[in-house]
Amino acid sequence: MEIAFLPPSGLASAGRIADLVNLVYAESEKGLWRESTDRTSADEVGAFVRAGEIAVASVDGALAGSVRVRRLDEATGEFGMLAADPARRGAGIGRELVRFAERTCRDAGCREMQLELLVPREWTHPSKQFLADWYARLGYRVTHRADLAVDYPHLAPSLATPCDFLIYRKDLLA
Ligand SMILES: CC(C)(COP(=O)(O)OP(=O)(O)OC[C@H]1O[C@@H](n2cnc3c(N)ncnc32)[C@H](O)[C@@H]1OP(=O)(O)O)[C@@H](O)C(=O)NCCC(=O)NCCS
């Protein structure tokens, strides 16, 4: 498996990356939104590619996963839109993408890593529970928990169920 940031010349892959992200999020956010809404679009991913924020994992030249990595401030990096090809689940693609994101940010001088997670408040979503357990194993801790409808009021009408918005952080230097 190879992992690397897509150069601007990789813009042609933006559509396939958006398709992968939308496919996996449709499952991992099932039941959270009133109507099936896409997580992203080729245009949005294209803008992230141009900004140098999209890293892809490839196996034998084929897209196997992707992640968006960016710097929030001098000391803090963030990863998001993490996706692994469902046909290759459990092969370490997600874990290596997270490692890559953390290493990139540490090498750039960041002391902390951040990620965001949306979870239903009144029931347990298996994909979200898996992520919460996994992020905890990786050393991430919840530093902010809020009602999504309060933090992002414009999203409230689209929610199918009350959701909490969690921010996780990890000390990259520990
Ligand atoms: C999250 C996701 C990227 C993980 O990708 P993956 O390549 O399948 O995961 P990995 O093989 O790297 O395994 C990750 C962890 O899950 C564990 N795991 C993998 N498959 C498992 C299974 N079937 N049962 C239990 N644990 C499993 C691995 O042991 C590993 O844990 P460890 O790092 O403590 O050893 C992938 O499930 C996905 O695309 N999910 C949908 C999108 C999503 O929810 N993104 C995150 C939004 S914040």
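Arg 99 has a relative accessible area of 44% and is therefore classed as partly exposed in this predicted model. Its side chain meets that of Glu 96 in a salt bridge, with an N to O distance of 2.8 Å. Both residues belong to helix α3 (residues 93-107), where a spacing of three residues separates Arg 99 and Glu 96 by about one helical turn. Glu 96 likewise counts as partly exposed, at 25% relative accessibility.

A salt bridge between strands is formed by Asp 164 and Arg 145, whose closest N and O atoms are 3.0 Å apart. Asp 164 is located in strand β7 (residues 163-171) and Arg 145 in strand β6 (residues 141-147), so that this pair ties together parts 19 residues apart in sequence. The two partners differ in their surroundings: Asp 164 is buried, its relative accessible area being 8%, whereas Arg 145 counts as exposed at 51% relative accessibility. Asp 164 and Arg 145 also take part in a network of salt bridges that links them with Arg 121 and Asp 147.

A further salt bridge joins the side chains of Glu 29 and Lys 128, at 2.7 Å from N to O. Glu 29 lies in the loop between α1 (14-28) and α2 (42-50), while Lys 128 is part of helix α4 (residues 126-137); the pair therefore ties together parts that are 99 residues apart in sequence. Glu 29 and Lys 128 are both buried. Across the whole structure, the search finds eleven salt bridges, including those of Arg 99 with Glu 96, Asp 164 with Arg 145 and Glu 29 with Lys 128.

Key:
Residues are numbered from 1 along each chain as its sequence is written. This is a predicted model: local features need pLDDT of at least 70, side-chain atom pairs count only at pLDDT 80 or more; totals for chains, interfaces and linings use all residues. Side-chain values use heavy atoms; hydrogens and water are left out. A salt bridge is a side-chain nitrogen of Lys or Arg within 4 Å of a carboxyl oxygen of Asp or Glu. Helices (H or I, at least four residues) and strands (E, at least two) are DSSP runs, numbered from the N terminus. Buried means under 20% relative accessible area, exposed over 50%, partly exposed in between (1.4 Å probe, protein chains only).
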